[in-house]
Amino acid sequence: MKLKQFIWTLGVLMVSCSLYAQKDTMMVMDPIQADRPDQTETAHLVPRGYFQMEHGFSIEETKPGFVYSYPSSLWKFGLTENFELRLVTHYTTIQRAPSPDQNGFLPIEVGFKSRLGEQKGVIPKMSFIGHLIFPGVVAEDFETTYFAPNLTLVFLNRVSDFFSIGYNAGIRWDGENAEPHFTYSLAPGIAISNNLGLYAEIYGSTPQREAGPIELRADAGITYLIGNDFMLDLSAGQGITEDAPERYVAFGISYRFKL
């Protein structure tokens, strides 16, 4: 009799655990969406109450020398369903032989992302990103003179379950010159599986004055989801125009958790 009671109790527990697991699965949120590794910002926001970190490590080859980022970090918090707070920190080393290496933090960027609308047919999902670069609290080599805004409109068209196109258009200042640069990017992406994604991208910037240098670059990369809240990425890029940095390779880690 005791054996039968044990088996019955075990069966009830198994059924209860199964039902709880099904309920928990139904409550699982969408997988993490990051603004890296491409230069095209995503139109998705961090869920309300979640904190998200996106860290990138890269080596970039330029004509004067190499630039190392370790890391470049984007810190995000979902304040509401339609608004997230953002902070950008970036530690770098610049090698320009025979000059000494330059090491330190780039100027801090503080900003937000706001949801403008969801996709309806051909009308894309839209968001707006506003950043402000703060002079000070950085290494002297990277100091800027003025506060500098960076404003971007973010668009996303999901064509199918496995194919989407993201594109951005914006304007930014560098904190030194009064003339802004117009920025733009286009990044189609393919979902190979629920965990694996591929993208290719073209992006660049054009100064307000025609006489200034135009930077145009292309890159491609891969993302891999580990669970719902953790993502790895690997990417590489190549300069197209003469004034663009020659090439780079980058590795990144993105993670989110609820506060």
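This briefing covers salt bridges, a nonpolar surface patch, a pocket and two serines. The model is predicted. It holds 15 salt bridges. A nonpolar patch of about 1,000 Å² lies on the surface. The second largest pocket encloses about 1,200 Å³ of space.

**Salt bridges**

- Arg48 and Glu81 pair through their side chains, at 3.7 Å from N to O. Arg48 sits in the loop between helix H1 (2-26) and E1, and Glu81 in the loop between E2 and strand E3 (83-95), so this salt bridge ties together parts 33 residues apart in sequence.
- Glu81 is partly exposed, because its relative accessible area is 43%, between the 20% and 50% cut-offs.
- Lys76 and Glu54 form another salt bridge, at 2.7 Å from N to O. Lys76 belongs to strand E2 and Glu54 to strand E1, so the pair links distant parts of the chain, 22 residues apart.
- Both Lys76 and Glu54 are buried.
- Glu84 and Arg86 also meet in a salt bridge, with an N to O distance of 2.7 Å. Both Glu84 and Arg86 are buried.
- One network of salt bridges with shared partners joins Asp35, Glu41, Glu54, Lys76, Glu84, Arg86 and Lys113.

**Nonpolar surface patch**

- The patch is made by Phe57, Ile59, Phe66, Tyr70, Phe162, Ile190, Ile192, Leu198, Ile222, Leu234, Val249 and Phe251.
- Strand E1 (50-61), strand E2 (66-80) and strand E13 (247-258) each contribute at least two of the patch residues.
- Phe162 comes from the loop between strand E7 (148-158) and strand E8 (163-172). Phe162 counts as exposed because its relative accessible area is 51%, and the cut-off is over 50%.

**Second largest pocket**

- The pocket has a volume of about 1,200 Å³. Its lining takes in 47 residues, and the closest to the centre are Ile32, Gln33, His44, Arg158 and Ser164.
- Elements giving two or more residues to this lining are E7, E8, strand E9 (181-191), strand E10 (196-207) and strand E11 (215-225).

**Two buried serines**

- Ser235 lies in strand E12 (residues 230-239). Ser235 is buried, with a relative accessible area of 3%.
- Beyond neighbours within four places in sequence, Ser235 contacts Pro37, Tyr199, Ala220, Gly221, Tyr248, Val249 and Ala250. Val249 is also one of the patch residues.
- Ser114 lies in strand E5 (residues 108-117). Ser114 counts as buried because its relative accessibility is 18%, and the cut-off is under 20%.
- With neighbours within four places in sequence set aside, Ser114 contacts Asn82, Phe83, Ser127 and Phe128.

Technical notes:
Residues are numbered from 1 along each chain as its sequence is written. This is a predicted model: local features need pLDDT of at least 70, side-chain atom pairs count only at pLDDT 80 or more; totals for chains, interfaces and linings use all residues. Side-chain values use heavy atoms; hydrogens and water are left out. Patches are made of residues with over 30% relative accessible area and no salt bridge: like charges are joined within 9 Å, nonpolar side chains (Val, Leu, Ile, Met, Phe, Trp, Tyr) within 5 Å. Accessible areas come from the Shrake-Rupley method with a 1.4 Å probe; for residues, only the protein chains shown count as cover. A salt bridge is a side-chain nitrogen of Lys or Arg within 4 Å of a carboxyl oxygen of Asp or Glu. Helices (H or I, at least four residues) and strands (E, at least two) are DSSP runs, numbered from the N terminus. Buried means under 20% relative accessible area, exposed over 50%, partly exposed in between (1.4 Å probe, protein chains only). Contact means heavy atoms within 4.5 Å. On a 1 Å grid over the protein atoms alone, a cavity is a set of points where a 1.4 Å probe fits but cannot get out, and a pocket is an open set with protein on both sides within 12 Å along at least five of seven lines; lining residues have an atom within 4 Å of a point. Grid points are joined across faces, edges and corners, and a volume is the space filled by probe spheres set on the points.
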